[in-house]
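Let's take a walk through a protein model, one piece at a time. Keep the 3D view open and turn it as you read.

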Amino acid sequence: MSAALESLLDLLDLEQIERDIFRGTSRSAVVPRVFGGQVAAQALVAAGRTVPAERTAHSLHSYFLRMGDPGAPIVYSVDRIRDGRSFTTRRVVAVQHGQPIFHLSASFQTYEEGLEHQADMPPAPDPETLPTAEQMLPRYADVFTDPGVMDRLLEARAAVDLRYVGAPPFANVGTPQEPRSQVWFRTNGKLADDPLLHVCMATYVSDMTLLDSVLLAHGRGGWAVGDVVGASLDHAMWFHRPFRADEWLLYDQESPSASGGRGLGQARIYTQNGRLAITVIQEGVVRVPRD
């Protein structure tokens, strides 16, 4: 296991300070605020720790309310909304400096048999044939306005092996493309056999690239290039089938709409053998900076 992955696992291992109250630390992201995927994953950890182990997360719905301060702890307060015969519902509020910065509702279910069908996995190359972040990012060092951005991008992705199938948004600035993007990802090391951990790790990664397809549609390079200003607004996930975040997962993303200073991304995450594991939808602020 890489040191970066160990550090990320420590970040997700929240301190319990009272019944249904947890505290987490943060670290700086590529931009000077708490990474949204971190807050969502930590909130899901908090919710999951109040649920019987035999009930696994099947969905989450969340809103990003305020920018998080990476220099301050985050307190997660869990409300036990409902414990039914098959489903458990939890609500989590993340608080910093006395104000809520994030709100999550999550539902958990006891496994049961049922009807089965799924959308087919789209074609994608073998992830082992694609360049790693360490191989790919230095090619585009000259497009980043801040010389420290590339190092921060590499640091942010050190715990997760994330490989672009096509060119990232910052590779073709000024050239609009089809609003679709694919990446393969897995953790840089083996994870414990804990279903909640794998779901939380996928939640963490899901916020890294989902709005790339919005940027591609308009030939924008992204926050690292400085030709858009953005932040996540809301984030929803449905966990359909068991998966492991330490094995290759295909993140197939597209953007059906952008308007009103917002962009919508939707995606499906497949296991390498073609099973649909997760559906993700996110809307974010995507604004063109004013002169």
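Start with one pair of residues: Asp252 has Arg268 in S11 as its bridge partner. These two belong to strands S10 (residues 249-259) and S11 (residues 262-271), which run antiparallel and are joined by nine bridges. Two strands count as paired if DSSP finds at least two bridges between them. The names come from DSSP too: helices are H or I runs of at least four residues, strands are E runs of at least two, and both are numbered from the N terminus.

Before going further, a word on what you're looking at: this is a predicted model, where local features need pLDDT of at least 70 and side-chain atom pairs count only at pLDDT 80 or more, while totals for chains, interfaces and linings use all residues. Residues are numbered from 1 along each chain as its sequence is written, and side-chain values use heavy atoms, with hydrogens and water left out.

Now zoom out to the sheet. It is an open sheet of 12 strands with antiparallel pairing, in the order S1-S2-S4-S5-S6-S3-S9-S12-S11-S10-S8-S7. Which strands stand at the edges? They are S1 and S7 (160-164), and each has a single partner strand, so one side of each has no neighbour in the sheet. On average, neighbouring strands here are turned by 25 degrees against each other, direction ignored. (Axes are lines fitted to C-alpha atoms, for helices over the stretch in contact, and angles run from 0 to 180 degrees between N-to-C directions.)

Helix H2 (residues 36-48) packs on this sheet, touching S2, S3 (55-64), S4 (74-83), S5, S6 and S9 (229-239). Its direction makes about 50 degrees with that of S6. H2 is mostly covered, with 13 of its 13 residues buried. Buried means under 20% relative accessible area, exposed means over 50%, and partly exposed is in between (1.4 Å probe, protein chains only). You can also check the length of H2: at 1.5 Å a residue, its 13 residues should span 18 Å, and its end C-alpha atoms are indeed 18 Å apart. The expected span is 1.5 Å times one less than the number of residues.

Next, follow the strands from the S1 edge. S1 and S2 pair in the antiparallel sense over three bridges, and Gln16 has Phe22 in S2 as its partner. The hairpin of S1 and S2 has two residues between the strands, and there Asp20 takes a positive phi near 65 degrees, although Asp20 is not a glycine. Is Asp20 buried or exposed? It is buried, with a relative accessible area of 9%. S2 itself has a covered face, Phe22 and Gly24, and an uncovered one, Ile21 and Arg23. On its way into the sheet, S2 is joined to S4 by four antiparallel bridges, and Ile21 stands opposite Ser77 in S4.

From S4, a hairpin leads through three residues to S5. The two strands pair in the antiparallel sense over eight bridges, with Thr88 in S5 as the bridge partner of Asp83. Look along S5 and you'll see its side chains alternate: Thr88, Arg90, Val92, Ala94 and Gln96 point to one face and are buried, while Phe87, Thr89, Arg91, Val93 and Val95 point to the other and are not. S5 then pairs with S6 over 10 antiparallel bridges, and Val95 stands opposite Pro100 in S6. In the loop between S5 (87-96) and S6 (99-110) you'll find His97. Its phi is near 50 degrees, a positive value in a residue other than glycine. At 60% relative accessibility, His97 counts as exposed.

Finally, two spots among the helices. Helix H1 (residues 3-12) and helix H5 (residues 195-209) pack at an angle of about 105 degrees, with their axes 12 Å apart. That makes H1 roughly perpendicular to H5, since angles under 35 degrees count as roughly parallel, over 145 as roughly antiparallel, 65 to 115 as roughly perpendicular and the rest as oblique. Leu5, Leu8, Leu9 and Leu12 in H1 meet Leu197, Met201 and Tyr204 in H5, where contact means heavy atoms within 4.5 Å.

The other spot is Leu137, in the loop between helix H3 (133-136) and helix H4 (149-156). Leu137 is buried, with a relative accessible area of 0%. Leaving out residues up to four places away in sequence, Leu137 touches Met150, Leu153, Leu154 and Phe170.
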